[in-house]
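Open the model in a viewer with residue selection switched on. The tour below goes one selection at a time.

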Amino acid sequence: MRARVFVTLRKAVLDPQGQAVGQALRTLGFSELKDARLGKLVELEVADGTSKARIEEMCKKLLANPVIEDFSVELT
Amino acid sequence: MQFAIVVFPGANCDHDVYHVAKHVLGRGARFVWHKEQDLGGADCVVLPGGFSYGDYLRAGALARFSPIMEAVARYAARGGLVLGICNGFQILLEAGLLPGAMRRNRSLKFACKDVHLRVESASTPFTSRFREGEVFTAPIAHAEGNYFLEEEPLRRLEGEGRVVLRYCDANGKRTDAANPNGSIGNIAGICNAGKNVLGLMPHPERSSEEILGGASGRRVFESILEAVGE
């Protein structure tokens with residue numbers, strides 16, 4: 001089975017990359033854009049039956065830095 | 001006096017530190033490969049700058065799991081002197097030996113230039129050879145040096161006098177224009193509660209000889225010598 005982990009900067013943390021991307025989109029005429037934030041996608045192949053809690057443990061231990069990042073897990 | 005310089009795959013300032021320790025200061029220095037589990041009787045451990053593990057995932061995120069880091073943590077807990085420069089600072093943050101995290105520079109660019117630094121605390125084993133409030137120059141070279149810490153822990157850090165270095169202008173004023181990366185509070189270097197672990201983004205080892213344009217950084221290493229009684 002597969003797990004997808006999304007790592008994003010926490011809302012309170014300034015995201016200069018997201019700002020630059022947002023600015024570029026606005027320059028291209030996408031004036032409806034309100035905010036853009038960049039993150040990472042980590043795709044994991046794990047043994048069938050692996051629990052979500054186990055993936056979250058991976059996030060806490062390595063994949064995300066809780067000081068500046070949030071994560072969410074999707075099992076597929 | 002024996003400096004132990006930890007070598008991670010991708011470190012690129014390890015030889016600069018070795019050069020300063022051995023040839024500029026005339027003290028003992030040796031490299032410790034990151035897979036070692038023992039620091040072997042060092043008086044000061046240096047985590048040098050570079051791009052450990054290619055900065056994959058996050059700067060310092062993978063290096064902190066190198067076998068030697070357990071020895072570094074034990075050494076720090078016993079009060080041993082640990083100096084983390086640039087990537088070494090990032091590794092100390094990821095390892096939880098210092099609080100906070102690094103974000104991309106707000107310019108999104110790799111910042112490589114000389115900066116002015118104000119010494120906020122001269123009462124650490126790394127800054128005793130400076131005067132409090134003194135301004136000196138050292139080079140920075142990083143893309144992820146935008147220091148972040150949440151409000152409450154930041155207040156604590158400031159209150160405990162653990163902000164050791166700050167980016168400033170030539171007159172020592174802490175301005176936004178003098179902040180090369182967007183760091184909160186213009187923070188360039190911090191220490192732990194015991195003041196035996198220092199992390200800083202600027203490179204003192206690259207400013208330890210006049211031929212390199214300035215020798216102020218050497219005083220960081222001279223402070224260390226003083227701290228260990230040399």
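Where in chain B is the place of B:Cys86? Select B:Cys86 to find out: the residue sits in the loop that runs between strand S4 (81-85) and helix H3 (87-94) of chain B. The model is a predicted one, and every stop on this tour should be read that way.

Stay on B:Cys86 and check its backbone. Its phi is positive, about 60°, although the residue is not a glycine. Next, is B:Cys86 buried or exposed? It counts as buried, because 29 C-beta neighbours lie inside 10 Å and the cut-off for buried is 20 or more.

Now select B:Leu108. This residue is in the loop between strand S5 (101-103) and strand S6 (111-119) of chain B. B:Leu108 also has a positive phi, about 65°, and it is not a glycine either. Its surroundings are as follows: 12 other C-beta atoms fall within 10 Å, so B:Leu108 is exposed, the limit for that class being 12 or fewer.

Move to the place where the two chains meet. How many residues of chain A are in contact with chain B? Eight residues of chain A are in contact with nine residues of chain B. On the side of chain A that touches chain B, helix H1 (residues 16-27) gives the most, with three residues. That side of chain A is made up of six nonpolar residues and two polar ones, with no charged residue.

Select helix H1 of chain A on its own. Its 12 residues, at 1.5 Å a residue, should span 16 Å, and the end C-alpha atoms are 16 Å apart, so the two values agree. Just after this helix, pick A:Gly29, which takes a positive phi of about 100°.

Finally, show the whole of chain A. It holds two helices and three strands, and along the sequence they follow the pattern β-α-β-α-β. Why is chain A described as more spread out than a compact globule? Its radius of gyration is 15 Å, well over the 11 Å that the globule rule gives for 76 residues, which is why it is described in that way. Along the principal axes, the C-alpha trace of chain A spans about 45 × 25 × 15 Å.

Colour chain A by burial as a last step: 14% of its 76 residues count as buried. For its contacts, take those between residues at least 6 apart in sequence: 65% of them join residues at least 24 apart.

Key. Residues are numbered from 1 along each chain as its sequence is written. Chains are lettered from A and ligands numbered from 1 in the order in which they are written. This is a predicted model: local features need pLDDT of at least 70, side-chain atom pairs count only at pLDDT 80 or more; totals for chains, interfaces and linings use all residues. Helices (H or I, at least four residues) and strands (E, at least two) are DSSP runs, numbered from the N terminus. Two residues are in contact if their C-beta atoms, placed from the backbone, lie within 7 Å. Ala, Val, Leu, Ile, Met, Phe, Trp, Tyr, Cys and Pro count as nonpolar, Asp, Glu, Lys and Arg as charged, and the others, Gly among them, as polar. The expected span of a helix is 1.5 Å times one less than its number of residues. The radius of gyration is taken over C-alpha atoms; the globule rule is 2.2 Å times the number of residues to the power 0.38.
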